[in-house]
Amino acid sequence: MSDRAGHRGAGAGTHAAAIETLFQEAREFPPPPNFAAQANISHPAIYDQASADPEAWWAAEAARLDWYRLWDTILDWDPPFARWFVGGQLNVSVNCLDRHVNAGGGDKIAYYWEGEPGDRKTLTYNDLYTEVNKAANALKELGVRRGDRVAIYMPMIPELPIAMLACARIGAPHTVVFGGFSAEALADRINDSQAKLVITADGGYRRGKASGLKVNVDEAVARTPSVEHVLVVRRTEQDVTMQDGRDLWWHDLVPPQLDWCEPERMESEDMLYLLYTSGTTAKPKGILHTTGGYLTGVASTHRNVFDIKPDDVYWAAADIGWVTGHSYIVYGPLANHTTGLIYEGTPDFPDPSRWWDIIERYGVTILYTAPTAIRAHMKWGPQHAEQHDLSSLRLLGAVGEPINPEAWIWYHEHIGGGRCPIVDTWWQTETGGIMISPLPGLTVTKPGSAAKPLPGVFADVVDDRGEPVPLGEGGYLVLTRPWPSMLRGIYGDPERYKTTYWSKFPGLYFPGDGARRDEDGDYWLMGRVDDVMNVSGHRLSTTEIESALVDDKRVAEAAVVGRADDVTGEAICCFVILKSHVEPSPALGEELRQHVAHKIGPIARPRQLMFTPDLPKTRSGKIMRRLLRDIATGRQLGDTTTLADAGVVESIRDATRAATDDE
Ligand code: PRX
């Protein structure tokens, strides 16, 4: 009953037939009657209504926003290019701030913020409105105009959403780069997006230490000719170098600005932001999201999936540097006039009860987090949560990777006190918003299943030829119709957009995940079927890490796979072939792991690195990753460098000898 093998890693084949469904979970949890009675959505007819006329459904959701001008056309679909609410004009910051303030809702708290060292701030909608207007004027003073790109590389401090909303106000698309990425990764993203301005901080707090961010920006902008200025928030007060004429302090530039900045009237299809994500090659993709459809999608799904009420205290414990933060810390919640919570640091600082302390102190009603965090809390034990009163919680959510049933049940019992529905939400950077999820007042949930596509979303599970597979069988997840918050492309690369998402099954969007539907039609996600790993809910490309390894002159070839890990979902394992004159050693292994962390960021630091004389390949030269995964998983290798022993060498050699083109 508690086996989770069928959820993770089982999708790791390239043939639908190889996607096995080993796992059957039979428990069911109907919505508690008192929850169902008060839910925003409590009638199943909503699915049929949306299916009968999806465009009308989405148009009704869009009409909840404030538009300067309504659209002429709901959807212009020229596959695979969609345009939503064409002709409509709106401004995202106005929808997130001005309309609430103008309606008398300015005194409501927009964010409770808590820094890792324990410092606290409360920002009302009025406060946020003033700060955003001033920051928008500051950006203009720095020469940022409508259409210019702005890179944001910040810790989880209030200035981060303020910077994003200021960009949205003046129509300058932002690209937020997660603070855990390296200088090099930052530089690549700045160069791809041609950002003119970088907004950063001196550093941020993580695990009790002040880490540096400005120092990485300095290294990055040395090779990003597009950058004219760097705007720096003082957070940790560590020493930083400020380059005259280029670098400015936020506290010098922003506070004296006027507290009104005329918002730009944006076209529905104007770019709101780029967010880079890993794919199957070494080059990250700039996922492009636009204005009207995106805001419609995130506001609608936030309200419906999280059953948002005016007095909720909602906490998405994610980083704003990932899409979850964009859609469900910033844009969705603010569009819905929600009170949210932002916490800067790690869940175990100063000890593993930090989150539960926060929930009790602020009376958090909704918690949304990743399975990897839930599993970490499981490991630390339920006693930390037990010391706190978590009775304010009424709904729990999960995102980022398949949730295994034990983690689901633990979350339900120890955090939700057995009374809170759990919404397991499937989506991705590209979809912009939640696609497959329970509706908490309606859905009978099953631990490990993301339930059904939301109203207005259409999915299927297909085989190699793109034919739907019968209920109960595994296959590839596809989305069969365009949706408002879908990506509009990969920045600067329409061909890659077509081949990555639309070429495997013509006419169908392929997200890269395996899935099966059970007899009730509920979806069970089975992990990635391509060369993308999911480590702690973060997407990393095996190819990107392989490139970082072969970038070291001593490495001849490298293969990277993810192996199942109890806490992080997957852990990065590297097989490295050295050039003939180089001797393998644990010290060299450590150096190479460090090199990867430096090239991509600490999140990409390999858990395990093994030197090997060979790699198992098919006759056509494709690396047999499945075999490497088996070796990595089966051998329980330590978390460090391993020199290939005879057994591993033998199995790799056997496989190489027996290689066929089947993999
Ligand atoms: O494989 C799926 C997994 O995370 C991928 C998307 O990663 P990213 O773009 O970084 O966005 C993460 C936050 C939305 C998906 O292709 N994934 C995400 N949510 C789930 C999931 N897998 C199973 N169940 C989920 N609820």
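1. A residue counts as buried when its relative accessible area is under 20%. With 0% relative accessibility, C96 therefore falls in the buried class. The model discussed here is a predicted one.

2. Cysteines. The number of disulfides in the structure is 0. C96 takes part in none, and the cysteine sulfur nearest to its own belongs to C167, 13 Å away. A second case is C574, whose sulfur lies 7.2 Å from that of C573, the closest cysteine sulfur. A disulfide would need the two sulfur atoms within 2.5 Å, so the separation between C574 and C573 is too far for a bond. C574 has 2% relative accessibility and is therefore buried as well.

3. Burial of β19. Strand β19 covers residues 395-399, and 5 of its 5 residues are buried, so the strand is largely enclosed by the rest of the structure. The side of β19 towards which L395, G397 and V399 point is opposite to that of L396 and A398, and the residues of both groups are buried.

4. Neighbours of β19. Strand β18, residues 366-369, runs parallel to β19 and is joined to it by 4 bridges. Within this pairing, T369 has A398 of β19 as its bridge partner. Strand β20, residues 422-425, also pairs with β19 in the parallel sense, again over 4 bridges. Here G397 is matched with V423 of β20. Two residues of β19 can thus be followed in both respects: A398 is buried and bridges to T369, while G397 is buried and bridges to V423.

5. Connection from β19 to β20. Helix α15, residues 405-415, forms a β-α-β unit together with β19 and β20, and the unit is right-handed. The two strands of this unit are parallel to each other.

6. The antiparallel sheet. In general, the strands of a sheet pair through backbone hydrogen bonds, in either a parallel or an antiparallel arrangement. An open sheet of 4 strands, ordered β21-β22-β24-β25, has antiparallel pairing. Its edges are formed by β21 (459-462) and β25 (523-528); each has a single partner strand, so one side of each lacks a neighbour in the sheet. From one strand to the next, the twist averages 45°.

7. The β21 edge. The partner of β21 is strand β22, residues 474-479; the two run antiparallel and are joined by 4 bridges. At one position in this pairing, A459 stands opposite L479 of β22.

Key: Residues numbered from 1 in each chain as written. Predicted model: local features only at pLDDT ≥ 70, side-chain atom pairs only at ≥ 80, totals over all residues. Heavy atoms only, no water. Buried < 20%, exposed > 50% of the residue type's maximum accessible area, 1.4 Å probe, protein only. Pairing = 2+ DSSP bridges. Right-handed = clockwise from strand over helix to strand, strands pointing away. Axes fitted to C-alpha atoms, helices over the stretch in contact; angles between N-to-C directions.
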